[in-house]
Amino acid sequence: MTFQDLNLNTPLYNALDDLGFEYPTPIQAEAFNVVASGKDVVGIAQTGTGKTYAYMLPILRHLKYSTQDNPRVLILVPTRELVVQVVDEIKKLTEYINVRTLGVYGGTNINTQKRAISEGQDIIVATPGRLFDLALSHVLQLKSIQKLVIDEVDVMLDLGFRHQLLNIFDILPERRQNIMFSATMTDDVDELISDFFVKPQRVTIAVSGTPLHNIEQQRYNVANFYTKVNLLEHLLHDIDTYNKVLIFVGYKKLADLLFDQLEERFPNETCVIHSNKTQNYRLRSIEQFRSGENRVLIATDVMARGLDIENISHVINFDTPKYPENYMHRIGRTGRAEQQGHALTFSSEKELEAIETIESYMDKSIDILELPEGVEISKELIEEERPQIRERYNPTKRKDEDAPGPAFHEKKDKNKKENLGGSYKFKIAAKYKKPKTKGDKNYNKRNKRK
Ligand code: AMP
């Protein structure tokens, strides 16, 4: 396929010619018609796959010339660097189109940005925080936004921007096209999609250059966390084979838990990266792993984004990723540069469904290995593995403050509030069969005598 096969226009063809791009990348080819259709889109693609043009080409193809001041396209990205990069890419593509693009991000003078906005813009590329500040100041009007692109959503959510995104959704016109790109699917991303997207079309490409043919894929059925730790310990004792091991886990808490276990068994051989660690800590961990000072690196999906470390002997999926794209990303860290790579996946019974999904996605089955002799099967369970005990009613612990919980059942008839006007005395009397008047002087006397 060439760009001629896509329904572009002369200014875009000219820009692509200047850039020297002949062929659309797979994500560009896949996404073009879907984005152009105006439907909500979820694209799964890594940085470096050409994803910026995957959404920009169809958007620019259909963006009409306008003299109105309010922007019509909003692109949200997680970092300033990305704002600069995306603006730069758009500028190259709009060399022959009369379109105004502005990048805004925090940490710089907001007044300069306000002035630029008031001059009128078509496309705004922004980090969420600064965008919201600008919108609140009313200099930036979002009422004409037709297309919202959220790029690198997984990173965005991992950096804690969820709240800001929701604030922004609130002030955007309801009728708009949502386009989202993420390198990996995570539960957070999934939740955001199901909450705010209307029947999104999914566009996925396998990780570019994932050399499936030179990655040996195997898996173990392992009952629970501590048995997985025992298996890992058993494998890691073979230092020659397991000489550079990248271990993936699904969430931060599990990363820390596993780190503590390995640190006990193999002191100073392991490092860990996840989004709660500081930037310095993460960089140091990656460096120590890269240089070989540490043999094992534990990482969460999002943090391992774009990690290009040579000679990883094994990728170990300590848990089984729910989304096959994440599995592909994980195993693609080994077997780079045409070397033989090894990927091992540990799955508990609950995770076997995910294995099926992965296998059908790859159209390839993963070989099962027997648990090696001597690996002890643990009965101990971590919190997440224990059966959930459901509390029936605890008035001090309510998950959703606004939801009517069990305390707000319909009152019984006899407790329903009524107008207790004049007939109250008689009602009470009938109910409790008390003396008819308060002032029965002989009442106490009579009772005393008894
Ligand atoms: P991205 O994934 O959007 O960060 O793009 C990665 C790089 O690929 C950028 O430097 C783009 O300029 C470049 N690129 C995008 N599309 C193409 C293409 N069709 N052919 C060659 N390079 C491309």
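Student: Which backbone oxygen lies 2.9 Å from a polar atom of the side chain of Gln28?

Tutor: That's the backbone oxygen of Gly50. Keep in mind that we're looking at a predicted model. Gln28 sits in helix H2, and its side chain also faces the ligand: a nitrogen atom of the ligand is 2.7 Å from an N or O atom in that side chain.

Student: Is Gln28 buried or exposed?

Tutor: Look at the relative accessible area, where under 20% counts as buried. Gln28 comes out at 5%, so it's buried. Leaving aside residues up to four places away in sequence, Gln28 touches Phe3, Tyr23, Gly50, Tyr53 and Ala54.

Student: Now the ligand. How many residues surround it, and which are the closest?

Tutor: There are 15 around the ligand, and the closest are Tyr23, Gln28, Gly48, Gly50 and Thr52. Sorted by type, that shell has 5 nonpolar, 8 polar and 2 charged residues. H3 gives the largest share, 3 residues.

Student: Besides Gln28, which side chains should I check for polar atoms by the ligand's oxygen atoms?

Tutor: Try Thr52, with a polar side-chain atom 2.6 Å from an oxygen atom of the ligand. Then go to Glu89, where a polar side-chain atom lies 3.2 Å from a ligand oxygen. As for cover, the ligand taken alone exposes 490 Å², and the protein buries 75% of that. H3 and H4 are the elements that give two or more residues to the shell.

Student: How do I read a nonpolar core?

Tutor: The general idea is that nonpolar side chains tend to be buried together in soluble globular proteins. Here the largest core has 39 residues, and Met56, Ile75 and Ile123 touch the most other members. Helices H1 (10–19), H2 (26–36), H3 (51–62) and H4 (80–93) each supply at least two residues, as do strands E2 (73–76), E4 (123–126) and E6 (177–182). H3 has the largest share here, with 7 residues.

Student: What does Met56 touch, not counting residues up to four places away in sequence?

Tutor: Met56 touches Ile75, Ile90, Leu93 and Ile123. There's also a second, separate core of 34 residues, which includes Val104, Phe132, Leu140 and Leu142.

Student: Phe132 is in helix H6, I think. Why is H6 described as largely enclosed by the rest of the structure?

Tutor: Count the buried residues: 7 of the 9 in H6 (residues 128–136) are buried, so the rest of the structure largely encloses this helix. The buried ones are Pro128, Gly129, Arg130, Leu131, Phe132, Leu134 and Ala135. Among the elements covering them are E2, strand E3 (101–104), helix H5 (110–118), E4, helix H7 (153–158) and helix H8 (162–171).

Student: Last one: what should I make of a positive phi?

Tutor: Most residues other than glycine have a negative phi, so a positive one is worth a look. Just after H6, His138 takes a positive phi of about 65 degrees. Asn268 has a positive phi of about 65 degrees as well, and Asp363 has one near 55 degrees.

Student: Where are Asn268 and Asp363 placed?

Tutor: Asn268 is in the loop between helix H11 (252–265) and strand E10 (270–273). Asp363 is in the loop between helix H14 (352–362) and strand E14 (367–369). For accessibility, Asn268 counts as exposed at 59%, and Asp363 counts as exposed at 71%.

Definitions and conventions
Residues are numbered from 1 along each chain as its sequence is written. This is a predicted model: local features need pLDDT of at least 70, side-chain atom pairs count only at pLDDT 80 or more; totals for chains, interfaces and linings use all residues. Side-chain values use heavy atoms; hydrogens and water are left out. A nonpolar core is a set of buried Ala, Val, Leu, Ile, Met, Phe, Trp, Tyr and Cys residues joined through side-chain atoms within 4.5 Å. Buried means under 20% relative accessible area, exposed over 50%, partly exposed in between (1.4 Å probe, protein chains only). Helices (H or I, at least four residues) and strands (E, at least two) are DSSP runs, numbered from the N terminus. Contact means heavy atoms within 4.5 Å. A residue is near a molecule or strand if one of its heavy atoms lies within 4 Å of it. A polar contact is a pair of N or O atoms within 3.5 Å; within protein, one must be able to donate a hydrogen and the other to accept it, and residues adjacent in sequence count only if both atoms are side-chain atoms. Accessible areas come from the Shrake-Rupley method with a 1.4 Å probe; for residues, only the protein chains shown count as cover. Ala, Val, Leu, Ile, Met, Phe, Trp, Tyr, Cys and Pro count as nonpolar, Asp, Glu, Lys and Arg as charged, and the others, Gly among them, as polar.
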